[in-house]
Amino acid sequence: MIRPVLRLSLRWRVAAALGLGSFLITSVLAVATWNLASDYMLRQRLQGATRQAEVNVRLVDESLRSGSDGLTELLTGLTTDPDSTILLFQSGQVVTSGRQIHPDVLPAQLLTLGRDGVPARQRIRADGIPVLAVTQPIDTADGVYVELFPLVQIDRTFRFLSGLLIAGTVLSGLLGVALGWWASRRALRPLTELTGAASRIAGGDLKSRLPMHADPDLAPLAATFNATADALERRVMRDARFAGDVSHELRSPLTTMVNAAAVLRRRQAELPGTSGKALELLTSEVDRFARMVVDLMEITRDDQYGDGDAFEQLDVGDIVRNIAALRLTDSTEVVVDSPSPVVLGDRRRMDRVVGNLLENAERHAGGPVRVAVLHRDGKVRVEVDDAGPGVPEDLRTQVFERFTRGSRAGRRGSDTGSGLGLALVAEHVQRHHGKVWVEDRPGGGARFVVEIPEAQP
Amino acid sequence: MNVSVLLVDDDERIRQALGLALTDEGFTVEEAESGEDALRQLDSAGFDVVLLDLMLPGVDGLDVCRMLRSRGDLPIIIVTARTDTPDVIAGLEAGADDYVTKPLIASELAARIRALLRRRGGGRQNTSLTIEDLEIWPDEGVVHRAGEELYLTRTEFRLLVELAAAEGRIVTREQLLQRVWGYDYYGDTRLLDVHVRRLRMKVERNPDQPAVVLTVRGAGYKIGPPR
């Protein structure tokens, strides 16, 4: 068992690994690049500065040796860059040219080295800008020549370079994560498809299959899955067809039986006593049997031919009112929201749903006391209330299964229905992407509720 | 009213039981075991309605239906295995007026037959309705177009009269199914669709652009304006 904190999905783990790897490689490369480039550029600058200072000091030296007065002009001419400075320490005096810098900012050690006749250089900050200070001894006058070269340009270049490298490293890390995410997604796509197809099959769509893959790694998976699904579909279809065939074959003898029974029932009065009682049993059972076969045919037909539905806009209020007018007494309250709710559905099935719910209430609970058609959050809700004994918690799913009559069977003795009425309701409602359930009615009894998505006008 | 029914089915026991039950309902029933037998009997005697099983040995039930329809407007009810099979549409297209599914029950069948044979009542005495270039005489059961008689089946005629009597108001599908075919509730709308299509073939100048029987989407049908 992995601890939940560490429980990253495979996809994220691949993405993180790729991102980290990419980040590490680019950061090593960036550090190396930085070291090489900065070192090289700085060295170039140092050499250039030193060479120039040597040339300059020679000129100054000559000028001092010849004792001419043009020293100031010479110094001015030597400081070409506005940010550069030349300081000439000569027998206690300081001559400054170029950008004015106070001599105190120079490190004392640097000057001492110059006085001792040793050329030196050092990177310092002078009045806010980075400079390279180069010190040269002046032989003639026992002085020190100091030239400050501005490093603003190279500093800017370094900042730009380092920014670029950091950004590049971060970007490459992120790219690695993205690439890993994408690649693992691609690699896992067959798995996602598999999940989708499997859940569609679990949801009842037996025709769902995986697309065939040319990829040798994936082809066996798809082939195996599809073969399994094929077998499952064949099996389910065969079962459904069997039930369908059975009820189909029963139709002819049933026609004979139902009509012979009708003839007999008409003459029931002629058969008194035991024979009459037996005849009554026979005829009522034949009728029940006929209803059962008809319902069974309807259910197996649903299993077999799913796609031929003719969906149209149906006014549920009208459907309920029509059926109520035909089979309900005035004691049943009929409530229809205004405007009357409309669904997209198959008329025959919707009729059957409402009809079966009413029949169920009549058969098991002494008839419906209220039928309502309501709007509920984008759904059309049909409620059929009865004042019967209600449906116990543990039977509430079961009552919608085929041939489940539960403990209420036999309550009315003579007529228990086909045992398929509520199963048909469930089937038809599911076909309309709706839900059906039973709950307690406020004030006692059961409330059967159907919710179907409302049609968009 | 003594109504004679020709019962065409290849299953002898069904014929017998249904024959007995329909006799109980007050009909005179003759039986035929095949399409050939049925056509022979229809040649020699008149019947009010034919109950025709589509699954017959020999001449197919659909062919019998087509043949009967080409001879006249004798009401035909077909018996099919299931409501959703192509049989239903094929049978209606072949000219059947209505259909029932097995197991068919005599009392329900009797209601269907009576609805089919019901004539339009009402106190119209020799008045005619005029739509476009049609002249409809409800009492006599004839339709004239520009003086020439059109041959409609009884069901087609009743459908046309129901629409015409509404004088341009919308008649819903449910109303039509109830008034013409006698369905209490839930009638098969395919029944109506096929009949409307057949009616249009006969009364419209251009059935693709109907001017007499107009569809009102989502509501039903209405008759075109009188000219």
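This is a short talk on how the two chains of the structure above are built and where they touch.

Hi everyone, thanks for coming. One thing before we start: what you have in front of you is a predicted model. With that said, let's look at the two chains.

Chain A has 457 residues, of which 26% are buried. Its secondary structure comes to nine helices and 12 strands. Chain B has 227 residues, and there the buried share is 40%. Chain B has eight helices and 12 strands. If you look at contacts between residues at least 6 apart in sequence, 62% of those in chain A join residues 24 or more positions apart. For chain B, the figure is 56%.

Let's begin with chain A and its five-stranded sheet. Reading across, the order is E2-E1-E5-E4-E3, the sheet is open, and the pairing is antiparallel. Which strands stand at the edges? They are E2(A), residues 93-98, and E3(A), residues 120-126; each has a single partner strand, so one side of each has no neighbour in the sheet. On average, neighbouring strands here are turned by 20° against each other, ignoring direction.

If you want to find one of these pairings on your screen, try E1(A), residues 85-90, which runs antiparallel to E2(A) and is joined to it by six bridges. Gln90(A) stands opposite Gln93(A) of E2(A).

Now bring in helix H1 of chain A, residues 10-66. This helix lies across E1, E3, E4 and E5 of chain A, and runs at about 45° to E4(A).

A nice residue to click on here is Phe149(A), which sits in strand E5 of chain A. Is Phe149(A) buried or exposed? Count the other C-beta atoms within 10 Å and you get 23; the cut-off for buried is 20 or more, so Phe149(A) is buried. Beyond its neighbours within four places in sequence, Phe149(A) is in contact with Ala49(A), Ser84(A), Val131(A), Leu132(A) and Val134(A). Thr50(A) is 99 residues away from Phe149(A) in sequence, yet the two C-alpha atoms are 9.7 Å apart in space.

Further along chain A there is another set of strands. E10(A), residues 379-386, pairs with E12(A), residues 446-453, in the antiparallel sense over seven bridges. Within that pairing, Lys379(A) has Pro453(A) as its bridge partner. E12(A) also pairs with E11(A), residues 435-440, again antiparallel, over six bridges. There, Lys435(A) is partnered by Glu451(A). E11(A) and E12(A) make a hairpin with five residues in between, and in the turn Gly443(A) has a positive phi of about 95°.

Let's move over to chain B, and to the cores. In general, nonpolar side chains tend to be buried together in soluble globular proteins. The largest nonpolar core in this model has 112 residues, and those with the most contacts inside it are Val5(B), Leu6(B), Leu51(B), Leu52(B) and Leu160(B). Apart from that core lies another of 21 residues, including Ala53(A), Ala133(A), Val134(A) and Ile138(A).

Take Leu52(B) as an example. Leaving out its neighbours within four places in sequence, Leu52(B) is in contact with Val8(B), Gly61(B), Val64(B), Cys65(B), Ile76(B), Ile78(B) and Val79(B).

Some of those names come back in helix H3 of chain B, residues 61-71. In H3(B), Gly61(B), Leu62(B), Val64(B), Cys65(B) and Leu68(B) are buried. Why do these residues line one face of the helix? Looking down the axis of H3(B), they fall within an arc of 160°, so they share one face. On the other side of H3(B), Ser70(B) and Arg71(B) are exposed. The buried residues pack against helix H2, strand E3, strand E4 and helix H4 of chain B.

Last topic: where do the chains meet? In all, 24 residues of chain A are in contact with 22 residues of chain B. On the chain A side, helices H5, H6, H7 and H8 each give two or more residues. H5(A) gives the most, with 12 residues. By type, this side of chain A divides into 10 nonpolar, eight polar and six charged residues.

That's my tour. Thanks for listening, and I'm happy to look at any of these spots on the screen with you.

Key: Residues numbered from 1 in each chain as written. Chains lettered and ligands numbered in written order. Predicted model: local features only at pLDDT ≥ 70, side-chain atom pairs only at ≥ 80, totals over all residues. Core = buried A, V, L, I, M, F, W, Y, C linked by C-beta atoms within 7 Å. Buried ≥ 20, exposed ≤ 12 C-beta atoms within 10 Å, placed from the backbone. Contact = placed C-beta atoms within 7 Å. Pairing = 2+ DSSP bridges. Helix = DSSP H or I, 4+ residues; strand = E, 2+ residues; numbered from the N terminus. Nonpolar A, V, L, I, M, F, W, Y, C, P; charged D, E, K, R; others polar. Axes fitted to C-alpha atoms, helices over the stretch in contact; angles between N-to-C directions. Arc of directions from axis to C-beta.
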